[in-house]
Every structure is written in structure tokens, then in C-alpha cells.
Amino acid sequence: MISRNDLCWCGSQKKYKKCHLQIDEKLTALEQEGYIRPGRHLVMNEKDIEGLRKSAVITKGILDQVGERVKPGVTTDEIDAFVHQYTLERGGRPAPLGYHGFPKSCCTSINEVICHGIPENRALKEGDIINIDVTTELEGYFTDASRMFTVGEVSEKAQKIIDCAKDCLEIGMAQVKPFASFSEIGLAIEAYAISKGFSVVRDFGGHGIGKKFHEDPHVSHYDTHQKGMIMIPGMVFTIEPMINEGTYKLNILEDDWTAVTRDGKLSAQWEHTILVTDDGYEILV
Ligand code: MF3
Ligand code: CO
Ligand code: CO
């Protein structure tokens, strides 16, 4: 048991009563209402956030520069090589490489591929849409983000699903503030996606991140009818809605990674790593 005058458990060097005491009391009340209390290891301190910001510089740098490489004739292997080299040159490690046996340094998911597409010797062609998903580990800190890119001119429906997925990410982030529940993210995203005639992938979600690639909580992008975990300042997690043109159902290919829409229709995704602040959130990358 921690006393009011002890140093706070968060590492701030402040007294508990001047730091997390009130937050803990509020969480206890919410826990009694059926919400889930976040573990203390999910709360990043100042030093951790500093580390995450440095990691985020690399992830953002890649996503800012990779777009000019996306054009007809370029292979996803070439995109992967860029991500790999850029990360190593800056002292980082591409976290996907070797993650549960994943063979490359980023994910490249084209058209009907929902996520976890493996870079290969396949050339992009005019009209393709592609998600490039980058995760960097720097000095033990992970940041994870992805964006959609278009190859030349794309169809109106392709642009529409890209825009919808981006709006879904914004709407999800707008739910983030201290003492909100993670369940509110999925509730808001699903309602919006359905209003646009699209569906929300259920088999994958966002995730806590920080000192690990994938950490609690699982962040659902649809309504799970559960109360969920409570957000408090210092928590870091991703929101990464995958929005499908047709069914939300998916298949995993023989490579054990590539997730594709079951009906072969388009899918789009955007991802940010965000930090819960005292009055809302901040996009780390
Ligand atoms: N970056 C993905 C995510 O958003 C995870 C990729 S796992 C990998 O969570 F092994 F495929 F890289
Ligand atoms: Co992620
Ligand atoms: Co990612």
C-alpha cells in the first residue's frame, strides 16, 4: 500500500498525494462501475515520452519521404529497402523484421489487402492504393504509424474509402481524453463508417505501445458492447481503423500474414501512435 506522503509510483519524484492519488481514486470508482483499470506499466513517464518522441521522428521521417517513391513500376521490396535503410542510418531498428517471424521491415498492403502485406518483388501499377505501415524501435521505444498512398490516378471509390478510413482515425482520436473508455473509440468509428456504407474490420485492432510493440489494451474499432479500459494521462496506444468497401470478413493467405478482404473488394487504413495528455491527446506520430 502506498501512503499519501510516499513518492508517487509513476516515477515523477512527487508525493503521491500531489501526483496520482486523485487519478487512482477516480479509477477505483470507475472500476466499481465495471470499467477496467489500466495497469501502472501502461503509464509512460517524462523520460519514456522523451524516448518515444525520438522514435517517432524516425517513423514520421519515413512516412513523409516514402510517398515520393510510390509510383508505377516501383516494387514493394524497394519500398521495404528504403524503410530498412532509413531506420538503420538513424540508429533505429525496424520492429516488424523478425517479429513473430515476419520477414520484412514494414507492411505494404495493396488494394484488397487489409493489413500485414509482405513486401515482395511486385511492381505497383497505376490505380493501386497502398497502405505503408512502419514501426520503429529506438533505444527500446516503439512507435507505429501508417498512411495510405495512391499510385497515379485512382478510382473515385478508392479515394472515397481512403478518405473514410482517415476520417475514422480522426473520429477515433476525438474520443481520447482522461477517464474516457477505450470502448468509445470503436463506438464512434463504427457508426461513422456504417453511415458511409463501409464496414469495419473486427479481427485486428489498435494496441497499447511504448516499451513493447504490442501492449494492452486491445483497441477495438467497432462496438464490442463492453465497458472497456479507462484512459489516463501518459498512456500511449495506436488507433488504426481498417475500413472495407464490402464485408468486414477476411482471409489470411498461405504466407500466414497477408489479410485480404473475403470478397476481394478494397480496404484502407491509417494509423497514429497517440499519447493521452491532461486534457486530451497528442499525436506522437
Ligand atoms: N504495424 C502493425 C500494427 O499496426 C503490425 C505489423 S506486425 C508485422 O500493429 F509483423 F507484420 F510487422
Ligand atoms: Co499498430
Ligand atoms: Co502499424
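## The site of cobalt ion (ligand 3)

The cobalt ion (ligand 3) takes its protein donors from Asp133 (OD, listed twice), Asp144 (OD) and Glu271 (OE), at 2.0 to 2.4 Å, where donors are N, O and S atoms within 2.8 Å of the metal (3.2 Å for Na, K and Ca) and sites may look incomplete because water is not among the atoms. This is a predicted model, in which local features need pLDDT of at least 70 and side-chain atom pairs count only at pLDDT 80 or more, while totals for chains, interfaces and linings use all residues. Side-chain values use heavy atoms, with hydrogens and water left out, residues are numbered from 1 along each chain as its sequence is written, and chains are lettered from A and ligands numbered from 1 in the order in which they are written.

The angles among the 6 donor atoms of the cobalt ion (ligand 3) run from 58 to 167°, and the site is irregular; that word covers anything other than four donors counted as tetrahedral (all angles between 85 and 135 degrees), or four counted as square planar and six as octahedral (opposite donors over 155 degrees apart and all others between 65 and 115). Along the chain, the donors of this ion follow the spacing D-x10-D-x126-E. Aspartate 133 lies in strand S4 (residues 129–138) and aspartate 144 in strand S5 (residues 141–150), 11 residues apart; strands (E, at least two residues) and helices (H or I, at least four) are DSSP runs, numbered from the N terminus.

## The second cobalt ion and the bridge

The protein donors of the cobalt ion (ligand 2) are Asp144 (OD), His207 (NE2), Glu240 (OE) and Glu271 (OE), lying 2.0 to 2.2 Å from it. Its site is likewise described as irregular, with angles of 51 to 166° among 6 donor atoms, and its donors follow the spacing D-x62-H-x32-E-x30-E. Glutamate 240 sits in the loop between strand S9 (236–239) and strand S10 (242–244), and glutamate 271 in the loop between strand S13 (267–269) and strand S14 (272–276), 31 residues apart. Aspartate 144 bridges the cobalt ions (ligand 2 and ligand 3), which lie 3.3 Å apart.

## Helix H4 against helix H5

Helix H4 (residues 156–173) and helix H5 (residues 183–195) have axes that come within 8 Å and cross at roughly 150°, the axes being lines fitted to C-alpha atoms over the stretch in contact, with angles from 0 to 180 degrees between N-to-C directions. H4 is therefore roughly antiparallel to H5, a term for angles over 145 degrees.

The contact (heavy atoms within 4.5 Å) is made by Cys164, Asp167, Cys168, Ile171 and Gly172 of H4 and by Ile185, Ala188, Ile189, Tyr192 and Ala193 of H5. By class, the contact of H4 with H5 has 8 nonpolar, 1 polar and 1 charged residues, where Ala, Val, Leu, Ile, Met, Phe, Trp, Tyr, Cys and Pro count as nonpolar, Asp, Glu, Lys and Arg as charged, and the others, Gly among them, as polar.

## Backbone features

The peptide bond from aspartate 216 to proline 217 is cis, with omega near -5°, and proline 217 is found in strand S8 (residues 215–219). Glutamine 13, in the segment before helix H1 (21–32), has a positive phi of about 70° although it is not a glycine.

Key:
Angles under 35 degrees count as roughly parallel, over 145 as roughly antiparallel, 65 to 115 as roughly perpendicular and the rest as oblique.
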